[in-house]
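Please open the model in your viewer and keep the sequence panel beside it, since each stop on this tour begins with a selection.

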Amino acid sequence: MGVIRYDITEETFREQSLPQSELSILTGMDSSSYLITDPEQKALAIRAFSHPPSETWWQTDERLSAGFKKIRLAWLGPRFTLVPARLYNGDARQTILTDLTDLKDSDTILADALPELGAYLLYALDKEKLSEWRRVFVGCRFYHGLTPILHELAQYTRRQGRAQMYAYVRDGLLYLIGIERDRLLFCNAFTCHAAKDYLYYVLLAYEQCAWKPAQVPLKIFGEILPATEVYNLFYRYVRDVAFLNSKETSMMGPQARQHAVHLFYDLLSLQQYH
């Protein structure tokens, strides 16, 4: 199963109860994570692990072979774009994404609707990989990993009543999202090799949105902790920096609550989506 990064199991977890439970999986090129919840939407188990891109990670965890009441599977990759709903043409998905990123003959182009932001998220994924996942996880609901996150962030921004910049850190990638009212002003992914790279792209996103770091808050989530070099740089250059916590923290059990909730914001967003 590669290298397990965190493994949380609540005392209420029972193997025999899995057919009545829900499974939410978030997977990328080099890592995967999942959340199992009971019929009352309480978290039973959370696991995250790194793995080689070619590894069939779903065969190495016996929990994943159990039947589940509902399965959500989300692919998180940097080959995506967002198109305003008024301009979206399903027949032109291939053309739109070809102009923005390198595509392979083995790729299929999928699209997720984001009505709360008036947009569609287009993304590329290997056809064989998608077919294998749909065969293994029968009846799963499939999305891009950013789709449920954008859904949650749109609602959060609306509740806050002001513009927000969001930074999502995972697998050496920085996803930056700028939302003002119901408008998505910025959404892109960047590869970061050093702490200064994270800061550079955050400041670039502020510039692209015509915002000042002293005026618009930065909410961060994902694989980032306080007292790290990246966090300290954010704190130094942006006036209002805070970790983004889910509004559904009540679903977390005693073991999960020992960890910072923002670490699981992506999984919680997926679990609460549709």
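In this predicted model, a search for enclosed space of 30 Å³ or more returns 1 cavity, and the space inside this largest cavity comes to about 50 Å³. To find it, select Arg5, Tyr6, Val169, Arg170, Gly222, Glu223, Leu263 and Asp266, which together line the cavity. If you then colour by secondary structure, look for β1 (3-9) and β10 (164-170), the elements that each give two or more residues to this lining. Which classes of residue face the space? Sorted by class, the lining has 4 charged, 3 nonpolar and 1 polar residues.

Next, select residues 173-180, which form strand β11, together with residues 183-191, which form strand β12; the two strands pair in the antiparallel sense over 8 bridges. They make a hairpin with 2 residues between them, and at its turn you can stop at Arg181, whose phi is positive, at about 55 degrees. Beside the turn, Glu180 has Arg183 of β12 as its bridge partner.

Finally, clear the selection and show the whole chain as a cartoon, in which there are 14 strands and 6 helices. The radius of gyration is 18 Å, close to the 19 Å that the globule rule gives for 274 residues, so the chain is as compact as a globular protein of that length. Along the principal axes, the C-alpha atoms fill a box of roughly 55 × 45 × 35 Å. If you colour by accessibility, 51% of the 274 residues count as buried. Turning to contacts between residues at least 6 apart in sequence, 63% of them join residues at least 24 apart.

Conventions
Residues numbered from 1 in each chain as written. Predicted model: local features only at pLDDT ≥ 70, side-chain atom pairs only at ≥ 80, totals over all residues. Heavy atoms only, no water. Pairing = 2+ DSSP bridges. Helix = DSSP H or I, 4+ residues; strand = E, 2+ residues; numbered from the N terminus. 1 Å grid on protein atoms, 1.4 Å probe; cavity = no way out; pocket = protein on both sides within 12 Å on 5 of 7 lines; lining within 4 Å. Points joined across faces, edges and corners; volume = space filled by probe spheres on them. Nonpolar A, V, L, I, M, F, W, Y, C, P; charged D, E, K, R; others polar. Rg over C-alpha atoms; globule rule 2.2 N^0.38 Å. Buried < 20%, exposed > 50% of the residue type's maximum accessible area, 1.4 Å probe, protein only. Contact = heavy atoms within 4.5 Å.
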